[in-house]
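This report describes one protein chain for a reader who has not met it before. Confidence comes first, followed by one strand with its partners and then a single residue.

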Amino acid sequence: MGLVGAALALTLAAPARAGETPTAPTALAAPTAPATAASADGWRLTPTGTDARFRGLAAVDRRTAWAAGSRGTVLRTTDAGHGWHNVSPPGAEGLELRDVEAFDARGAVVLAIGEGEASRLLRTEDGGATWTEAFRNTDPRAFYDCVTFFDRRHGLALSDPVDGRFRILATRDGGGSWEVLPDSGMPAALPGEAGFAASGQCLVTAPGGGKDVWFATGGAATARIFHSADRGRTWTVSDSPVPAGDPARGVFALAFRDRGHGLAVGGDYRAGQPSPRAAAVTGDGGRTWTPAGTPPPAYRSGVAWLPHSRTAALAVGPTGTDLTRDGGRSWRTVDTGSYDTVDCAPDGGCWASGEKGRIARLARG
């Protein structure tokens, strides 16, 4: 199986569902053999029937996932990707959907990005058969990037700065209604600072339904990471070692396995541009960040901890997938397929999605 396969076998093993025999996961494909739809292991592409780009992804479990993307496209599978159902909101063809948060196979919230009224939040409770527009931004200065939930009721959405401070939107009823939070507890933004709507992971919570939430930025002289311990009422901010100083550079995605241990990935999203120090790690809840000793070799836009592991995670981007087995201190490329985002469910189901309709699940042998 090799070193990478052995690491995944140890870290992705998960309790079986009732009546199911546990199976050991298999290795991601080596860099010289990118995963395809016919792969025996690793990322296995699933037939989506569309060329939409899916930057929004929510893994519910091994069989169930949601994806949201360009041209207002929302897909849902309940059979491990063998069939994807188009459950796009009616009339959403002109929207750019960049994030989806799913509670189960029936309930989900999707975020449309853009200036002014292009930023919207839509909600379904019946698997996408019907949708309700829960929020439409009417402030032309706001641009929403990401949405996240602490539990089934409490969630936040992040907008780029308005009047010099990032704007936070909050819900307490599962996304049915939203309100703008006061910005008195938000540190001032730097000139040119913004979030990246690249993978639905610029605003994240930790597992367990607590009150901690983090968001990442770029574009300014320094890429920074903000933290709130009270569900978005007050915030602190820390510098990250990921290079910024340009609108195309900064931290694009975060992942926390608990309220202390987190990963940050990013770089320069422009093709062919170098992305040194494209990953960082924290062990103190984001107060301080340390650059990865061996970072991913290129820009990465998505990151996820592997279930049931304290040290293993995957990072993805247009040029490949990287694995860390030491909590983010070093990364190794294990696949060269193009993905924008990655998400793993508590039962061990891991999914990735990206350009040209690409959605893959981590095959388990």
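How many contacts beyond four places in sequence does the model have for residues 1-7? There are twelve, and pLDDT stays under 50 over this stretch. Here pLDDT is the predictor's confidence in each residue, from 0 to 100, and contact means heavy atoms within 4.5 Å. Over residues 10-40 pLDDT also stays under 50, with 76 contacts beyond four places in sequence. For the chain, the mean pLDDT is 90, and 88% of residues reach 70 or more.

The model is predicted, so local features need pLDDT of at least 70 and side-chain atom pairs count only at pLDDT 80 or more, while totals for chains, interfaces and linings use all residues. Residues are numbered from 1 along each chain as its sequence is written, and side-chain values use heavy atoms, with hydrogens and water left out.

Strands are DSSP runs of at least two residues, numbered from the N terminus. Strand E28 (residues 359-363) has five of five residues buried, so the rest of the structure largely encloses it. Buried means under 20% relative accessible area (1.4 Å probe, protein chains only). Two strands pair if DSSP finds at least two bridges between them.

| Strand paired with E28 | Sense | Bridges | Residue opposite alanine 360 |
|---|---|---|---|
| E1 (residues 42-45) | antiparallel | four bridges | leucine 45 |
| E27 (residues 350-353) | antiparallel | three bridges | alanine 352 |

The hairpin of E27 and E28 has five residues between the strands, and lysine 356 there takes a positive phi near 55 degrees.

Threonine 124 lies in strand E8 (residues 120-124) and is buried, with a relative accessible area of 2%. Beyond four places in sequence, its contacts include Trp66, Arg106 and Trp131.

Terms used
Buried < 20%, exposed > 50% of the residue type's maximum accessible area, 1.4 Å probe, protein only.
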